[in-house]
Each structure stands twice: as C-alpha cells, then as structure tokens.
Amino acid sequence: MAARLAPKTVLAHLIQRRNQTYSEIVAEFVELGGTITERHLRRLASGERAGTTPQTRRTLQRMFGKPVEELLAPYVPEQAAPQHAGGQMVPVAAPGGRITTGNEMEVLDMAASRARAFALAAQSGLGSEAMEQVYDDVRHVAKAYPQRPLPEILGQLVETQDLVFALLESRQRPEHLRQLYFLGGVTGGLLAKASHDLGNPHAALTQARTAFLCADNADHHGLRAWVRGLQSLVSYWAGNPHDSVRYAQLGAGYAEQANSTTSVWLPVSEARAWAALGNPEATRAALERAEDAWDNVQNDDLDDMGGLCTFGRNRQLYYAADALAWLPGEGEQAERYSRQAVDAYSDQNHPEWAFGDAAGSHAAMAISRIATGELDGAADAIAPVLDLPTERRINGVVHSARRVHQALRQSGRADDARELQEEIETFTRTPMQTLNR
C-alpha cells in the first residue's frame, strides 16, 4: 500500500487522522450548515488557497475545533494537535431530534446546496437539468447582489465561480462549453464588483480580465461590453477617470453590436468620468448618447439574468446625477436628476432597487443642494446614507459620502456645516471591512 503524502497544512493532517475521504468531509461539512466543494477543500488542505468565507471558517472551526488561521498553517509534526476523540464531530440535536444548524431558511439553503452538489457530481457530463441548475445559481446571485449586503452572498458567489471553473476544467460536451464560459464571465464580473466594493481595485481588475477572457471564449458581445463597463466603474471609483473613459470607449463597439442595455451603461459611465475630469462638453455629449441608445435596446441573455447584469433607467438617472454633481455650472440639472433618482429608488420592493445606487443618488442630491447653499437640505439628503449599517458601507458608498464632505469644504460655509462634516467623518471611518481570510 502506497504511503500517504506528508500533509502540508494542519487541516490536511487532521483530515488524514480522521481517516475519511474528502467527499465524506464535504458531506459532513454540509450537514453542519456549510457549503464547500471538494475541490475547494483540497486546495485549502494543500495550502494552495487561503481565502475562505465567514460561513466556511465557522464550519471548519466547528468540525476541527481550531481557528481557521491555525488549520491553514503549515503542518509541523511536533506541533500537531491530538485528534478529536473518535475522529468525528457529533451534531448537536435539539429536543425531538432536530439538528440545530440555524434558522429554517438556512437549513433549506443547506439542503438545496447538498442536492445541487449531488446532482452535478452524479453526471459524467452536464445534462440539460444540470446546466439549468448552474444557470439558476448564477442568476440568483446576480439578482441578489445589488439588494443584499455583500457578506451575505460573497460565499455563495465564490462557490459558484469555483463550480463553474471546475466544470470548465473537466470534460464537457462542446455545446455546453460556450454556456459555461458565459457563466464564468458573469461570475467573474460579479466578483470584480465584489472586489471593488471591498476596496481592492487590483483584485477587481484581475477578476475582470479573466471575465473578459471568458466572454471572448463565449463569443458574447454583450458580455464583453458588460465587463468593459465594470472596468470603467472600478477605475472611476479608484480615482482613475482617464482609464474609466478608456474602458467605456473600448466597450462601445461591442455594445453597439449587442444592442443590449450595455449600450446605455457605457456612455453614461463615460459621462461621469468626463465630469470628474472637468469636461462639461464631453459629459453632455455622452449623456445624450446614453439617452439615444434606448431607441435600439433589445435585452439579451445577459440582461435576462437581471440584477447587476442589466442596466435600467433608475441607474441611468443616478449615473447622470452623479456626473452632473461634479460640474459647478450644472447645479440645476444635477438637482433635477438627483431628485428623480432618489424618487426612483424610494421603493425597496422594486426589481431595480439597489442600496448602493440609492445611496449614491442621495449623495448627488446633497452635493447639488450644497452648491445652491441649502445646507439643511443637504443634511436631509445625506441622512439615509449615514444611517446605513457597516455591512452596506461598500467602497462606492463611502466615496460618495467623502464627495459630500469635499463639497462642504469647498462651499465656503464649512463652519456652518461642521456637525454634518463630523458625522460624515465618523461614517467613513467605519466602512465595510475586507472579510477575514
């Protein structure tokens, strides 16, 4: 019998000591309320990957009785901890035999995750049902992304990308490869946005480049244009407006061929980058192109994903307000667009509602009111943003609040707005932190 490979991490050592297969560990992991693929677990145990979601960390600690930082540390034999008695963790059961793994919705999500993993693993090649399941997973995350706090969905997004990449790396029927590359591009784009939201533009652009590669392999013009839009967005908030203009213009040809909602998103993204550069003529021209593009828009399969994968009129209003708020001579127009955007995002049950864009609309309104000397009105406009909980203080929201602070400093009435400035400073000191890895 061949000797076992020396474990590279404490986690690998403990898995060997339990004398279980990785698939058995994954099954136990799911029973305890977590979600993980065998491939991800193997990469963690081998030291190839250190990134974990909060849910994964909690479940690993529960299974092995050690913090994740210790589990993923290099294994040194003399420092190895003793094995749990019996090598098994016993689930805690409530009276009546009910396992206490969380609330009912979490239990249902866990069961669905286990059923999905079984259905996909049970097939040598993807069938129509399995392909539909993967599509549904990606669509679910795309729709949830703008409306739910990132910590709630990041784990599912990472696992979904891992699943899509694993399927692409295995043998698939030719007719499914293009679909999987399309889904790989979508998940990569969503993770680019997630990296941006956590204040990591380098990781965001890395994810976007891989997403664009997938879009090329899928030969999907709408997806190519969408990824360029994400690159423009990341560059804009990273303080690189010239790059933002460049990416928006690079995607314009693809958007024109797709005639999807990206043909609106790209010019309005270009508009606010031109505005940040102080070019009102280019800003107005780009805003006009965005409005004219609606005449030819036809939703494609990327738009049909919904959520972050499509660009609606509500977001157009917000982008226009955000752009015009940069320009001193556009105060009246900025106020009009920002008012319309705030009204558009007032209904949290609307399919296009997004907490980040709603916050940006309020910030644009505050800036337009500062320009006209309405400090009390500005305070009312920014108040809902300053009330956002930490898990919704994504990078763009924090930057929008800082722009309001900057507008107050430049207004010549900083003393009158000292209290509001202090509130904004407190808010921006506590952004959503990068999740522990």
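The largest nonpolar core of this predicted model has 98 residues, and Phe182, Leu183, Trp226 and Val404 touch the most other members. Helix 8 (residues 150-169) gives the most to this core, with nine residues. Apart from this core lies another, of 21 residues, which includes Ala12, Ile15, Phe29 and Leu71.

Leu183 shows how one of these core residues is packed. Not counting residues up to four places away in sequence, Leu183 touches Met131, Val134, Tyr135, Val138, Val164 and Met305. Thr187 lies in helix 9 (residues 174-197). With the same exclusion of residues up to four places away in sequence, the contacts of Thr187 are Val138, Leu157, Thr160 and Gln161. Val138 therefore appears in the list for Leu183 and in the list for Thr187. Thr187 has a relative accessibility of 1%, so it counts as buried.Ala407 is part of helix 19 (residues 395-410). Its relative accessible area is 15%, and because the limit for buried is under 20%, Ala407 is buried. Ala407 touches Ile367 and Ile370, not counting residues up to four places away in sequence. Ala407 and Ile367 are 40 residues apart in sequence, while their C-alpha atoms are 6.3 Å apart in space.

Helix 2 (residues 22-31) is largely enclosed by the rest of the structure, because seven of its ten residues are buried. The buried residues of helix 2 are Tyr22, Ile25, Val26, Ala27, Glu28, Phe29 and Val30. Phe29 is also among the members of the 21-residue core.

The model has six aromatic pairs. One of them joins Phe311 and Tyr319 edge-to-face, at 5.3 Å centre to centre and with 90° between the planes. Phe311 has 2% relative accessibility and so counts as buried. Tyr319 also counts as buried, because its relative accessibility is 2%. Ring pairs link Trp265, Phe311, Tyr318 and Tyr319 into a cluster. Trp265 has a further partner: the charged end of Arg315 sits over its ring. Elsewhere, Arg403 lies over the face of Trp326. The distances to the ring centres are listed below.

| Charged residue | Ring | Distance to ring centre |
|---|---|---|
| Arg315 | Trp265 | 5.3 Å |
| Arg403 | Trp326 | 3.9 Å |

For the chain as a whole, the secondary structure consists of 20 helices and zero strands. Of its 437 residues, 52% count as buried. Among contacts with a separation of 6 or more, 67% are between residues 24 or more positions apart. The accessible surface comes to about 20,700 Å², and carbon and sulfur atoms hold 49% of that area.

Confidence varies along the chain. The mean pLDDT is 84, and 84% of the residues reach 70 or more. Among the elements, helix 11 (residues 221-237) has the highest mean pLDDT, 98, and helix 6 (residues 104-121) the lowest, 52. Over residues 79-104 pLDDT stays under 50, and the model has 38 contacts beyond four places in sequence for this stretch. Where pLDDT is low, predicted coordinates should not be read in detail.

Note on methods:
Residues numbered from 1 in each chain as written. Predicted model: local features only at pLDDT ≥ 70, side-chain atom pairs only at ≥ 80, totals over all residues. Heavy atoms only, no water. Helix = DSSP H or I, 4+ residues; strand = E, 2+ residues; numbered from the N terminus. Buried < 20%, exposed > 50% of the residue type's maximum accessible area, 1.4 Å probe, protein only. Contact = heavy atoms within 4.5 Å. Areas by Shrake-Rupley, 256 points an atom, 1.4 Å probe, with all protein chains shown as cover. pLDDT = per-residue confidence, 0-100. Phe/Tyr/Trp six-rings, centres within 6.5 Å; stacked < 30°, edge-to-face > 60°. Lys NZ or Arg CZ within 6 Å of the ring centre and 35° of its normal. Core = buried A, V, L, I, M, F, W, Y, C linked by side-chain atoms within 4.5 Å.
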